[in-house]
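Got the viewer open? Let's take a short walk through this one, from the whole chain down to a single helix and then over to the ligand.

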Amino acid sequence: MTRGTTNPNRLRRMDRWIAAVHGAELRRVADPVAVDLGYGAAPWTAVELLHRLRAAAPRTRVVGVEIEPVRVAAAQPYAREGLVFRHGGFEVPVQGRPALIRAANVLRQYEEREVAAVWERLRARLAPADPGAGFRGGLLVEGTCDEIGRRHVWVALGPEGPRTVTFATRLGSLDRPSDLAERLPKALIHRNVPGEPVHTFLRDFDRAWAAAAPYASYGSRQRWIRAVRRLTADWPVTDGPARWRQGEVTVTWGALAPRD
Ligand SMILES: C[S@@+](CC[C@H](N)C(=O)[O-])C[C@H]1O[C@@H](n2cnc3c(N)ncnc32)[C@H](O)[C@@H]1O
């Protein structure tokens with residue numbers, strides 16, 4: 001049994017990103033179910049996910065899933081309309097196919113070689129795409145952050161495979177973008193070595209950050225925006241200034257995927 005470390009508001013950056021990029025699609029689903037897989041020793045992140053997703057898609061229901069039965073029992077007082085807690089794991093014990101599975105700070109406890117099979121298993125549980133309804137399919141968001149959620153990196157996957165990698169940070173706490181390397185998800189954290197794309201990306205990001213130093217006098221937000229804009233010359237950044245302002249940047253998975 002692991003410690004189940006969690007904290008109130010720890011996953012706010014991930015929640016807000018999900019609401020921003022996936023909220024419109026959640027609204028198009030008749031009965032959108034979102035799973036908070038491995039919510040931990042206390043169910044705060046599941047409660048917060050419910051509130052943040054409902055602001056974007058009011059019909060959303062959240063199911064908190066935990067592999068430790070004692071944590072499922074401890075969460076029951078927090079159950080409410082739209083929020084239930086179930087015992088289970090990567091089989092995802094919910095009826096039907098969820099529109100979202102969020103697994104934060106769960107795969108860090110597993111081996112790198114296990115990640116691909118877990119991703120595949122979870123992707124197979126996602127709601128399929130429905131192009132006619134403008135729905136690209138359910139989203140799996142899997143990543144890692146520090147204990148108070150200042151540094152966060154996650155991978156987003158659809159039923160078809162991995163889509164993007166997002167880096168999100170509280171800008172005031174950042175010396176350089178490669179500070180985020182310690183929070184890379186399991187699929188990438190052991191790949192931050194010369195010759196691997198994620199290492200090259202973080203090196204280029206640090207250089208862009210250094211080149212943007214004159215903008216620091218306007219604040220770290222302006223510096224981050226300038227650095228990311230410079231990155232777009234060489235890297236397939238998928239988002240724009242509205243997200244960069246939040247201390248985020250999203251890149252296609254294919255550009256950062258491990259070499260083998
Ligand atoms: C470090 S806590 C993370 C809690 C919360 N998601 C967060 O980020 O603050 C990881 C939790 O994942 C749970 N866990 C590990 N493997 C799991 C699995 N296969 N299915 C469901 N939960 C799992 C552990 O019991 C633990 O409570």
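A residue counts as buried here if 20 or more other C-beta atoms lie within 10 Å of its own. Keep in mind that you're looking at a predicted model.

**Stop 1: the whole chain.** Select the protein and colour it by burial: 43% of its 260 residues count as buried. Switch to a C-alpha trace and turn it along its principal axes, where the span is about 50 × 45 × 35 Å. The radius of gyration is 18 Å, and a compact globule of 260 residues would come out near 18 Å, so the two agree.

**Stop 2: the fold.** Go to cartoon view and you can pick out nine helices and eight strands. Now try a contact map: of the contacts between residues at least 6 apart in sequence, 64% link residues at least 24 apart.

**Stop 3: helix α7.** Select residues 220–231. At 1.5 Å a residue, these twelve residues should cover 16 Å, and the end C-alpha atoms are indeed 16 Å apart, so expectation and model agree. Which residues of α7 are buried? Show R223, W224, I225, R226, A227, V228 and L231. To see what covers them, add α6 (197–211), α8 (241–244) and β8 (248–252), which are among the covering elements.

**Stop 4: the ligand.** Centre on the ligand and bring up the 22 residues that surround it. The closest are G4, T6, G38, G40 and G89. Colour the shell by residue class and you get eight nonpolar, ten polar and four charged residues; glycine is counted as polar in this scheme.

Note on methods
Residues are numbered from 1 along each chain as its sequence is written. This is a predicted model: local features need pLDDT of at least 70, side-chain atom pairs count only at pLDDT 80 or more; totals for chains, interfaces and linings use all residues. A residue is near a molecule or strand if its C-beta atom, placed from the backbone, lies within 6 Å of it. Helices (H or I, at least four residues) and strands (E, at least two) are DSSP runs, numbered from the N terminus. The radius of gyration is taken over C-alpha atoms; the globule rule is 2.2 Å times the number of residues to the power 0.38. A residue is buried if 20 or more other C-beta atoms lie within 10 Å of its own, exposed if 12 or fewer, and partly exposed in between; C-beta atoms are placed from the backbone. Two residues are in contact if their C-beta atoms, placed from the backbone, lie within 7 Å. The expected span of a helix is 1.5 Å times one less than its number of residues.
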